[in-house]
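This report describes a structure in running text, with one table of strand pairings. It begins with a single loop residue and then turns to the chains.

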Amino acid sequence: MKVDRRSFLGLGLGAVAGVVVSPVGLKLTDDSSIWTQNWPWTPVPVDGEISYDNSVCNLCPGNCGISVRKIAGRPVKIEGLAGYPINDGGACLHGIAGLQYLYDPARIKTPLRKNGDKFEKISWAEAISLTAEKLTDIRENKAPQKLACITNKVKGSVPKLFERFLTAFGSPNLYTMPSLESNLEMTAQTLHGAGNTIGFDLENSDFVLSFGAGLIEGWGAPVSCFKANASRKERHAKLYQVEPRLSNTAANADKWIPINPGTESDLALGICAVIIKNNLFDASNFKGGFNKFAIMVQREYALAKVAQACGIKPDDIEKMALLFAKAKMPVAIPGKGRGKNGQSLKEFSAVHTLNCLVGNLNKKGGAFIMPQNDYLSFPEAILDDAAETGAGQEKLASSINDLVAKLAAAENPIVDALFVYNANPCYSFSDPKRVKEAFKRIPFVVSFSSFLDETAMEADVIFPMNTFLEGIEDVPSQAGLAKNVIGLARPVIKPVFDTKDPGDALILLAQALGGTVAENFEWASFADCLEEVTLDIWDALSEEGHVLVSEGAPYGTPLVDFTFLSTNPATIQAQGDFELTLIPIDNMRLTGTVPAVSPFALKTVSDKVLTGTDIVVEINPVTVKGLKDCGDALLTTPVGAVKVKVNFNEGIMPGVIGMVRGLGHTFDNKFVSNKGVNVNDLIGPVIESGSGLDAAFGIKAKISKA
Amino acid sequence: MSKIENKNENGSMDGAGEGTGGDPKDDKGLGLGVIFFMVAFLVCFLSGWLLFPKLLYSKREQPFNFDHVLHTEEVGDCETCHFLREDGTFSGMPSLESCMECHTDEPMGETEDEAIFAQEYVAKEKEVPWFVYSKQPDCVFFSHAAHITGDKPMDCKSCHGPIGESTTSKPYEENRITGYSRDIWGQNIWGIKKHSWDRMKMDDCAACHKEETGHQGYCLQCHK
């Protein structure tokens with residue numbers, strides 16, 4: 001027998017036939033189909049018991065109640081908490097995307113120390129001892145007032161702890177980032193005296209006169225405002241929106257009144273003049289300066305003059321004034337966009353004066369004058385001589401902007417160390433380059449931050465902070481809400497990284513400093529501190545997760561002092577000589593300050609706002625000849641020039657260019673950064689005398705085909 | 001008939017002559033070819049049947065041995081440890097927390113396995129990384145509640161077999177391609193089953209649904 005070609009053919013055919021009739025083919029087909037439908041490298045969420053934890057969101061001043069769905073102890077979804085007095089089950093897109101912040105690429109995972117241009121990881125013990133060493137040097141140099149601090153808010157125990165730390169250390173230099181709440185407090189202080197804030201009863205008002213407030217674009221407590229706006233039709237309530245562009249709020253309003261940018265205070269005072277002229281005001285609670293004010297507005301804000309300045313017909317202003325004054329429960333609300341940046345005290349006061357004139361203070365559907373922070377009782381501060389001398393000195397500056405200007409002007413460092421808590425002035429202030437330069441003139445900057453953002457990048461030491469899902473914090477309602485609710489944000493997950501609550505970091509730091517500073521922080525943890533300082537409400541707060549301190553109109557009628565406005569403070573003018581005006585636009589889908597927008601929320605932004613990595617500006621087609629819709633253009637202001645895309649929009653007044661706020665981050669986050677332009681890079685600060693606020697509502701600009 | 005057709009016809013005739021007619025030596029070649037065919041067929045067929053499963057599955061031991069009999073004698077039934085939660089979801093493998101309702105880091109009995117459990121898992125508060133014989137791919141939705149409650153509740157045994165009567169944990173045979181247990185396809189590589197619990201493939205679900213409800217079900221009922 002000879003083994004030939006046929007033998008091998010037989011062998012091959014036999015092998016094939018053997019495999020075909022064996023189970024191999026069937027089984028491998030089945031297995032490969034399962035494999036391809038369940039790629040082993042695709043993560044599969046862990047299965048387990050489903051539970052819900054209630055907490056409070058503090059991503060924005062809205063402080064909504066949230067219910068966090070967890071599987072096997074891991075948070076997987078955030079929903080609005082039904083029955084919560086602020087949002088009653090509602091939630092905004094930033095809140096529901098809040099889980100992304102836990103695993104954000106820019107999260108700071110351990111304490112960091114700057115070494116040259118880079119950060120190196122250190123332990124908490126090293127970070128605390130390093131900072132304590134620097135602070136001890138400052139105290140030993142007998143200049144404790146040279147420690148300054150910037151916090152993001154005015155209300156709650158955390159800002160109070162920073163204040164307590166500074167006082168015990170010996171410094172009066174605590175500064176707060178501008179917010180709707182701080183602007184309202186300043187307004188309340190100007191018109192009604194210190195220690196108050198203002199709430200607007202939007203859900204009951206029958207006529208809301210909004211001076212650019214983005215009621216459905218993130219103003220105030222956003223979800224509460226959405227709900228009040230949604231119920232407007234049922235309640236037969238009217239909304240008149242005064243602003244230069246047809247925003248979502250304006251489109252949703254009963255009437256949109258386009259106004260020249262920056263003339264809102266003129267219009268408010270013009271309406272005051274009409275109300276006074278027609279004797280439609282209630283003078284029962286006027287305290288001082290009213291006569292002078294009445295004469296001033298009649299003279300300076302006569303109808304024709306205001307109409308000319310604002311670009312609104314005199315008849316329309318008069319009609320609006322009469323409607324407002326004759327409404328049963330009218331309320332006027334200040335604060336363009338989110339009411340945070342670029343606001344002036346004159347404008348806030350002028351708008352709130354409308355509420356004062358028509359006598360709707362502390363009445364249903366009107367404006368409520370409410371006390372602040374009255375639920376906290378800290379033990380009296382213990383001060384040594386250095387602290388008493390230092391803390392008793394004058395503050396270095398009236399505001400952060402003023403501090404930045406003074407730092408830039410001084411030859412030697414006027415601040416030796418700076419704490420920054422949860423704030424990003426190196427991004428959110430006008431012309432942030434100057435803030436970064438000023439920070440470089442401070443020898444030691446400590447950042448208390450969850451994210452390595454533009455400001456944290458400027459720090460020498462970073463204390464990594466818990467996010468709102470990992471820590472405990474009392475969060476009082478704020479930002480124009482007409483209810484007083486104290487919420488408790490509680491940990492729904494153990495810290496994902498080596499992070500702490502700001503209160504705990506301060507306690508450790510104070511104890512490392514020793515002496516009287518440590519005596520003021522003799523708590524084992526921030527949770528213990530919170531329990532002690534909220535003593536009266538702690539039981540209810542810890543059991544229920546919130547305490548509704550007051551709802552409905554407060555008792556009594558507050559007095560109104562017209563002195564500030566009666567001097568007719570100057571109206572802010574936009575910087576520059578160009579013909580057009582660039583204004584920032586607050587968009588609900590983006591955030592303004594800290595934290596930066598989440599990857600999820602950024603994906604929801606329209607391509608009329610951001611296309612690819614290019615920012616799109618709104619401009620009326622009649623404004624400039626030669627531009628093309630969707631085309632490229634060069635936008636120039638006295639501060640800078642950028643390439644932009646153009647969106648022709650007939651809903652923006654001719655002569656005005658709108659650019660969204662909240663883009664153009666430059667820190668290390670591949671999902672969010674380097675997309676579009678930071679509008680603040682194009683706007684210079686315009687400081688309002690008296691208030692110290694940066695009241696730059698925009699800037700003069702020109703635009704040409706690129 | 002054209003020249004080309006003639007050529008083709010001749011060509012094929014030639015080929016056929018070589019293959020089938022011709023001299024008797026070629027028959028021997030064919031005979032050897034058949035033998036080779038048979039041998040290769042048998043080797044491959046038997047390998048596919050007997051050797052292939054051994055290569056396809058890797059054997060992995062459970063972290064420690066678990067005695068179902070011992071536990072059911074103590075707690076009475078399956079539902080004590082494998083229960084439906086209040087919201088209708090199924091607890092599946094008991095968590096360490098459930099085990100610790102009875103166990104502590106001091107062993108209750110004298111078995112070596114309990115000692116491992118107490119020392120390695122209870123004392124260190126670590127979940128036991130059990131291999132789950134009945135784990136299905138994530139692309140399948142399955143509700144235990146829909147099957148074991150209601151008018152015609154199914155017995156655990158119908159799908160999981162007499163696992164409650166086991167005193168030892170058998171090795172977990174993991175499919176090297178899919179990562180799932182051999183018990184899903186079934187021990188029989190041909191996919192033949194004697195009992196309802198021998199296989200847990202989609203066709204088995206469909207067959208039972210067809211029998212019980214008159215319809216095998218729609219794709220999106222399970223593949224949501």
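A:Asn422 counts as buried because 23 C-beta neighbours fall inside 10 Å; a residue is called buried if 20 or more other C-beta atoms lie within 10 Å of its own, exposed if 12 or fewer, and partly exposed in between, with C-beta atoms placed from the backbone. Its position is in the loop between β15 and α16 of chain A. The phi angle of A:Asn422 is near 50°, a positive value in a residue other than glycine. Most residues other than glycine have a negative phi. A second case is A:Asp88, not a glycine either, with a positive phi of about 40°. A:Asp88 lies in the loop between β3 and α3 (93-96) of chain A, and it counts as partly exposed because it has 15 C-beta neighbours inside 10 Å.

The model is predicted: local features need pLDDT of at least 70 and side-chain atom pairs count only at pLDDT 80 or more, while totals for chains, interfaces and linings use all residues. Residues are numbered from 1 along each chain as its sequence is written, and chains are lettered from A and ligands numbered from 1 in the order in which they are written.

**Chain A overall**

Chain A holds 23 helices and 28 strands; helices (H or I, at least four residues) and strands (E, at least two) are DSSP runs, numbered from the N terminus. Of its 706 residues, 56% are buried. The radius of gyration of chain A is 29 Å, which agrees with the value near 27 Å for a compact globule of 706 residues; it is taken over C-alpha atoms, and the globule rule is 2.2 Å times the number of residues to the power 0.38. Along the principal axes, the C-alpha atoms of chain A fill a box of roughly 130 × 65 × 50 Å. Among contacts in chain A with a separation of 6 or more, 74% are between residues 24 or more positions apart; two residues are in contact if their C-beta atoms, placed from the backbone, lie within 7 Å.

**Sheets and strand pairs**

Chain A has an open sheet of 7 strands in the order β5-β4-β17-β16-β15-β6-β7, with mixed pairing. Its edge strands are β5 (118-121) and β7 (174-176) of chain A, each paired on one side only. From one strand to the next the twist averages 20°; axes are lines fitted to C-alpha atoms, for helices over the stretch in contact, and angles run from 0 to 180 degrees between N-to-C directions.

Two strands pair if DSSP finds at least two bridges between them. The table lists four pairs.

| Strand pair (chain A) | Sense | Bridges |
|---|---|---|
| β6 (147-151) and β15 (417-421) | parallel | 4 bridges |
| β4 (112-115) and β5 | antiparallel | 4 bridges |
| β22 (580-585) and β27 | parallel | 5 bridges |
| β24 (614-619) and β27 | antiparallel | 2 bridges |

Between β6(A) and β15(A), A:Cys149 stands opposite A:Phe419. A:Lys114 has A:Phe119 in β5(A) as its bridge partner. β4(A) and β5(A) form a hairpin with 2 residues between them, and A:Gly116 in the turn has a positive phi of about 70°.

Strand β27 (residues 656-660) of chain A is mostly covered, with 5 of its 5 residues buried. A:Val656, A:Gly658 and A:Val660 are on one side, and A:Ile657 and A:Met659 are on the other. The bridge partner of A:Gly658 is A:Ile583, and that of A:Ile657 is A:Ile619.

**Two helices of chain A**

In helix α15 (residues 400-409) of chain A, the buried residues are A:Ile400, A:Asn401, A:Leu403, A:Val404 and A:Leu407. They lie on the same side of α15(A) because they cover an arc of only 160° around the axis; the arc is that of the directions from the helix axis to the C-beta atoms. Their cover includes β6, β7, α16 (425-428) and α17 (432-440) of chain A.

In helix α7 (residues 222-230) of chain A, A:Pro222, A:Val223, A:Ser224, A:Cys225, A:Phe226 and A:Ala228 are buried. β3 (74-80) of chain A is included in what covers the buried residues of α7(A).

**Chain B and its contact with chain A**

Chain B has 10 helices and 2 strands. Of its 224 residues, 11% count as buried. The contact between the chains takes 32 residues from chain B and 30 residues from chain A. On the side of chain B that touches chain A, helix α2 (residues 25-56) of chain B gives the most, with 19 residues. That side divides into 21 nonpolar, 7 polar and 4 charged residues; Ala, Val, Leu, Ile, Met, Phe, Trp, Tyr, Cys and Pro count as nonpolar, Asp, Glu, Lys and Arg as charged, and the others, Gly among them, as polar.
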